[in-house]
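Student: Could you take me through one part of this model up close, namely the place where protein and DNA meet?

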There are 2 protein chains.
Amino acid sequence: MPRPPVARDKLLDAYAALLRREGERAATLDAVAAKAGVSKGGLLYHFGTKEALAEALCERMLDLGREDVEKMRTAPDGPCAYYVRTSVNTKSAFDVTYAAMIRLSQAYVAPASDALGQIHRWWMDLILEEIQEPSVAETIMLIGDGLYSYAALPGELDRPEAGGDMDGLLRQVEVLKASAKAQLAERG
Amino acid sequence: MPRPPVARDKLLDAYAALLRREGERAATLDAVAAKAGVSKGGLLYHFGTKEALAEALCERMLDLGREDVEKMRTAPDGPCAYYVRTSVNTKSAFDVTYAAMIRLSQAYVAPASDALGQIHRWWMDLILEEIQEPSVAETIMLIGDGLYSYAALPGELDRPEAGGDMDGLLRQVEVLKASAKAQLAERG
DNA sequence: GTCTATACGGCGATAGAC
DNA sequence: GTCTATCGCCGTATAGAC
């Protein structure tokens, strides 16, 4: 296992933070290098082009996504509850990277859209496995998507409105789960 | 009522279409002017700066939002069903503008975030009025937000997966509405 | 591995003709 | 009201020193 240099990681951290907090346009090579504490030349030694920098962040996103999906699979309260619970914005590495990826995806960086799509599919597979009923599974996915869309909003602000009443939200997820069972039983 | 020139509208149309289909970075003054069939100088006669162009689109968004909210208020199947039904991406003026506004919001154009927040609040007010129970109202808002987040994805592609089974989705909305009634009755 | 200096292109905006 | 021409800035990328 080749250990990538520390500078590489610091540059990716800086890039993700800038994307998240100031947007794609502000995440210039100059700004990223400055935030990481290296020169532009230093940055371009590690990542030959800006595209390579973006692709490296996409790789990191997929790694973090795999970790998250594994935690979701083995969550004590089940994948659905884990999914909704963790869709509120925190300052975890996963959430910061996810918000950054949304910016990249919107800037038409194809690998970013691919990575987000892949993670989304992993989530959907686990939820469908637990719920069985497709339209209920989709409904729960959408609730999580909705919560993540707040994480995608500009600014540092954590909005207490969205997902503020997480207990109430999880109660509705239970209602939907029960409804799925009933709908499945009805059809035999 | 002063009727704004046709060229102004054509420029806003071009700007919105470019934002939606190619992203914020591609929506340069050159590109917008070309798409609208005028020169860059012509554009800058109508909108003195790029900021003014963006703000004009935000105004248009608020106008379309007011129209949409009015339709939602008087929808025969109720505000919630209308909201979820119409949260799938179409090619209506509202949806094209909405997708464009998300791009602007992510590019940290403050008036765009403000306009989206305002429309969101209008929606929430109507849903809360119909549902009464706050956590169910929030759940339904999130389902719509989730659907809209697909509209925010890059590319022209209409994804059949999300909101493809609209009947099933509306069935779950009914389940949630019934659950809200039950929860309210329980508390007296 | 990291730096400075520089080339190059593109974007927003101004000036002024028609 | 719409055009062309041009300026100045900034972002990406290269060259080459240390």
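Tutor: Of the DNA strand C atoms within 4 Å of the protein, 61% are sugar or phosphate atoms, and the rest belong to bases. This is a predicted model, where local features need pLDDT of at least 70 and side-chain atom pairs count only at pLDDT 80 or more, while totals for chains, interfaces and linings use all residues. Residues are numbered from 1 along each chain as written, chains are lettered from A and ligands numbered from 1 in the order written, and side-chain values use heavy atoms, leaving out hydrogens and water.

Both chains surround strand C: among the residues near it (a heavy atom within 4 Å) are A:Val38, A:Tyr45, B:Thr28 and B:Lys40. That surface splits into 4 nonpolar, 6 polar and 2 charged residues (Ala, Val, Leu, Ile, Met, Phe, Trp, Tyr, Cys and Pro count as nonpolar, Asp, Glu, Lys and Arg as charged, the others, Gly among them, as polar). Helix 3 (40-46) of chain A and helix 3 of chain B each supply at least two residues, and helix 3 of chain A gives the most, with 4. Helices here are DSSP runs of H or I, at least four residues, numbered from the N terminus.

Now the phosphates, by polar contacts (pairs of N or O atoms within 3.5 Å). A polar backbone atom of A:Ser39 sits 2.6 Å from a phosphate oxygen of strand C. On chain B, B:Leu29 brings a backbone N or O atom to 2.8 Å from a phosphate oxygen, while B:Lys50 uses a polar side-chain atom, 2.7 Å from a phosphate oxygen.

Methods: A polar contact is a pair of N or O atoms within 3.5 Å; within protein, one must be able to donate a hydrogen and the other to accept it, and residues adjacent in sequence count only if both atoms are side-chain atoms.
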